[in-house]
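Got the viewer open? Load the model, switch on cartoon view and keep the selection box handy; we'll go stop by stop.

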Amino acid sequence: MQITGFKDSSFSLRYLGVPITAGRLTKNECTKLVEKILAGVRIWATKSLSFAGRARLISSVIFGMYACWATIFILPNTGLDKITQICRNYLWSGSKDAKRKPHISWVTTCLSKSQGGLGIKDFGTRNKALIAKLVKWIHGKYLKSNSWWSYHPPKDCSWYKRKICFIKELFKEGSTSPPHWNWLGKPEYTVSIGYKWLMGDQRKVTWARIPWTRTVILRHGFIVWVLLQHRLPTKAKLSKYITDMDTLCPLCHQAIEEDSHLFYDCEYAKEIWGGHKPLVGLPGEYTGVYYIWRARNVALFKQTQWATPSVVKEIKEQIKTRILFLHSISARYSLYIDRLLSI
Ligand SMILES: [Zn+2]
């Protein structure tokens, strides 16, 4: 063993960290993937990342780990639920544990950005769309012109074959011209088209581009995204679940704290918007929403009123930094420099 470099091991074998098994992927085997994702989350939990940063890590790193397995295996529901739970907790609490209730449901979070979601993929649905690619490959490789769409598996066949046929039946409805794999008017099946079809026909929202335009600072866009869905936990909303709650605005103590008051009618908000009026129309103007929400949290949880001149100063600094950054990557933003210099 020492000479060959082989290791004494037991089934299942692994290749690039993924188990090689001819049968059903067990709950225990899927635990390896869950542990790998958990290890990543534990490390990131020590860093102070914004919501937007955490969403990016889920969409890129965690999704990359998951995709290695989901392309090959039909993952068990327990494993998929666990991965979803870890990601949801990490997105909203910054750790593997649920420390706070999510502002937005996971179903909405998994919608595309044009539909008002965050664009994080639903793990179960994506797994089916990825496996459909394998189903298509089996069709082309082994059955060719034979009728795969009308094929029914024998009752005593393996679990995996039964599941493959289940996914085939599921996707048969989406093919516009069986026995060919034509999808939603496209000549070829792709995972993204299959996923889109499985997620259903969701309506696009009119405000979809506002939080995610290139000029918006991501962590500011995230708060705007939650606000546009009327899901920021203002006192008016929390009072529906908590009885005898003080609902007065923590910034002015003059009215009930609800979205329209906090961001527009509140005297504090008016001072903020008035203070950075010269910046309206410049990239990053939604920074005001982010800072009003921050000032509200400081007033509520630290009992400290953040002076409006220093908030306005910080907003201006943030917008200036953003414009200089945008100008450094594209000349199209140079027209904002003159306005910036005049502020
Ligand atoms: Zn107020």
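Start by selecting residues 57-75: their end C-alpha atoms sit 21 Å apart, and the span is 74% helix and 0% strand. UniProt, in an unreviewed entry, places the feature "transmembrane region" at these residues; its positions follow the numbering used here, feature names are shortened, and annotations may be inferred rather than shown by experiment. Residues are numbered from 1 along each chain as its sequence is written. Bear in mind that this is a predicted model: local features need pLDDT of at least 70, side-chain atom pairs count only at pLDDT 80 or more, and totals for chains, interfaces and linings use all residues.

Zoom out for a second. The protein chain has 14 helices and two strands, taken as DSSP runs numbered from the N terminus (helices are H or I, at least four residues; strands are E, at least two). Of its 343 residues, 26% count as buried. Here buried means that 20 or more other C-beta atoms lie within 10 Å of a residue's own, exposed means 12 or fewer, and partly exposed is in between, with C-beta atoms placed from the backbone. Among contacts between residues at least 6 apart in sequence, 60% join residues at least 24 apart; a contact needs C-beta atoms, placed from the backbone, within 7 Å.

**Stop: H2**

Pick Ser60, in helix H2. Is Ser60 buried or exposed? Ser60 is exposed, because just 9 other C-beta atoms lie within 10 Å. Now add Ile120: the two are 60 residues apart in sequence, yet their C-alpha atoms are 9.3 Å apart in space.

**Stop: H1**

Select 27-45 for helix H1, which has 19 residues and reaches 26 Å from first C-alpha to last, close to the 27 Å expected at 1.5 Å a residue. That expected span is 1.5 Å times one less than the number of residues. Colour Cys30, Leu33, Ile37 and Val41, which are buried. Which helices do the buried residues of H1 pack against? Show H2 (51-70) and H3 (77-93), and you have both partners. An α-helix has 3.6 residues a turn, so residues three or four places apart point the same way.

Ile43 is also in H1, but it counts as exposed because it has 9 C-beta neighbours inside 10 Å. Draw a C-alpha to C-alpha distance from Ile43 to Ser95: 9.3 Å, across 52 residues of sequence.

**Stop: H3**

Next comes H3, whose 17 residues should span 24 Å at 1.5 Å a residue; its end C-alpha atoms are 23 Å apart, which agrees. Highlight Gly79, Leu80, Ile83, Ile86, Cys87, Tyr90 and Leu91, the buried residues in H3. They cover an arc of only 125° around the axis, so they sit on the same side of H3; the arc is that of the directions from the helix axis to the C-beta atoms. Spin to the face turned away from that buried side and you'll find exposed Asn77, Thr78 and Asp81. Just after H3, Gly94 takes a positive phi of about 80°.

**Stop: the loops**

Jump to Ile217, in the loop between H7 (191-199) and H8 (218-228). With 19 C-beta neighbours inside 10 Å, Ile217 counts as partly exposed. Arg322 is 105 residues away in sequence but 7.4 Å away in space, C-alpha to C-alpha.

Finish with His230, in the loop between H8 and H9 (235-238), where phi is near 55°, a positive value in a residue other than glycine. Most residues other than glycine have a negative phi.

Terms used: Contact = placed C-beta atoms within 7 Å.
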